[in-house]
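Here is a quick walk through this one, from charged pairs to the pocket and the surface. Have a look at the model first, then read on.

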Amino acid sequence: LVIELGKRGHRIEQQQRFDVRYEGQLVDTLIPDLIVDEQVIVDPKVVTEFNDTHVAQMMGYLAITGLRLALLVNFKHAGLKWKRVVR
């Protein structure tokens with residue numbers, strides 16, 4: 001996926017770290033798989049189907065990164081399945 005996106009001219013950041021803070025204190029670190037063109041979180045999965053937990057995770061990622069769009073991409077099936085998550 002990273003190679004194909006790069007070949008198409010997209011800028012990909014892998015495993016970029018974001019501090020998660022609560023009331024100013026560091027509580028964790030978020031590490032999304034891919035951020036494309038500094039605009040979209042892309043989370044590749046290999047699952048039977050997406051569920052509410054996947055969507056909730058992406059909503060959290062969007063809130064922490066300040067981005068507005070995430071794509072869940074499922075490589076489990078022969079035909080590509082994906083889900084758009086917007087904050």
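Let's start with an aspartate: Asp 43 is buried, with a relative accessible area of 5%. This is a predicted model. The side chain of Asp 43 meets that of Lys 45 in a salt bridge, 3.1 Å from N to O. And Lys 45? Its relative accessibility is 16%, so it counts as buried, the cut-off being under 20%.

Side chains of opposite charge can pair when their charged atoms come close. The count here comes to five salt bridges, and three of the pairs are set out below.

| Pair | Closest N to O |
|---|---|
| Glu 4 and Lys 7 | 3.2 Å |
| Glu 38 and Arg 11 | 3.4 Å |
| Lys 45 and Asp 43 | 3.1 Å |

Glu 4 and Lys 7 both sit in helix 1 (residues 2-7), three residues apart, or about one turn of the helix. Glu 4 is partly exposed at 36% relative accessible area, while Lys 7 is exposed at 61%. Together with Arg 8, Glu 4 and Lys 7 are linked in a network of salt bridges.

Glu 38 forms its salt bridge with Arg 11, and that pair ties distant parts of the chain together: Glu 38 is in the loop between strand 4 (34-36) and strand 5, Arg 11 is in the loop between helix 1 and strand 1 (12-14), and 27 residues separate them. Arg 11 is partly exposed, with a relative accessible area of 46%.

Now the overall layout. There are two helices and seven strands, running along the sequence as α-β-β-β-β-β-α-β-β. The C-alpha atoms fill a box of roughly 45 × 30 × 20 Å along the principal axes, and 30% of the 87 residues count as buried.

What about the largest pocket? Its volume is about 190 Å³. Strand 5 (40-45) and strand 6 (69-74) each supply at least two residues of its lining. By class, the lining has nine nonpolar, two polar and one charged residues; among them are His 10, Asp 37, Gln 39, Val 40 and Leu 71.

Finally, which residues make the nonpolar surface patch? Leu 1, Val 46, Phe 75, Leu 80 and Trp 82 do, over about 550 Å². Leu 1, Leu 80 and Trp 82 also appear in the lining of the largest pocket. As for Leu 80, look for it in the loop between strand 6 and strand 7 (81-86).

Technical notes. Residues are numbered from 1 along each chain as its sequence is written. This is a predicted model: local features need pLDDT of at least 70, side-chain atom pairs count only at pLDDT 80 or more; totals for chains, interfaces and linings use all residues. Side-chain values use heavy atoms; hydrogens and water are left out. On a 1 Å grid over the protein atoms alone, a cavity is a set of points where a 1.4 Å probe fits but cannot get out, and a pocket is an open set with protein on both sides within 12 Å along at least five of seven lines; lining residues have an atom within 4 Å of a point. Grid points are joined across faces, edges and corners, and a volume is the space filled by probe spheres set on the points. Helices (H or I, at least four residues) and strands (E, at least two) are DSSP runs, numbered from the N terminus. Ala, Val, Leu, Ile, Met, Phe, Trp, Tyr, Cys and Pro count as nonpolar, Asp, Glu, Lys and Arg as charged, and the others, Gly among them, as polar. Patches are made of residues with over 30% relative accessible area and no salt bridge: like charges are joined within 9 Å, nonpolar side chains (Val, Leu, Ile, Met, Phe, Trp, Tyr) within 5 Å. Accessible areas come from the Shrake-Rupley method with a 1.4 Å probe; for residues, only the protein chains shown count as cover. A salt bridge is a side-chain nitrogen of Lys or Arg within 4 Å of a carboxyl oxygen of Asp or Glu. Buried means under 20% relative accessible area, exposed over 50%, partly exposed in between (1.4 Å probe, protein chains only).
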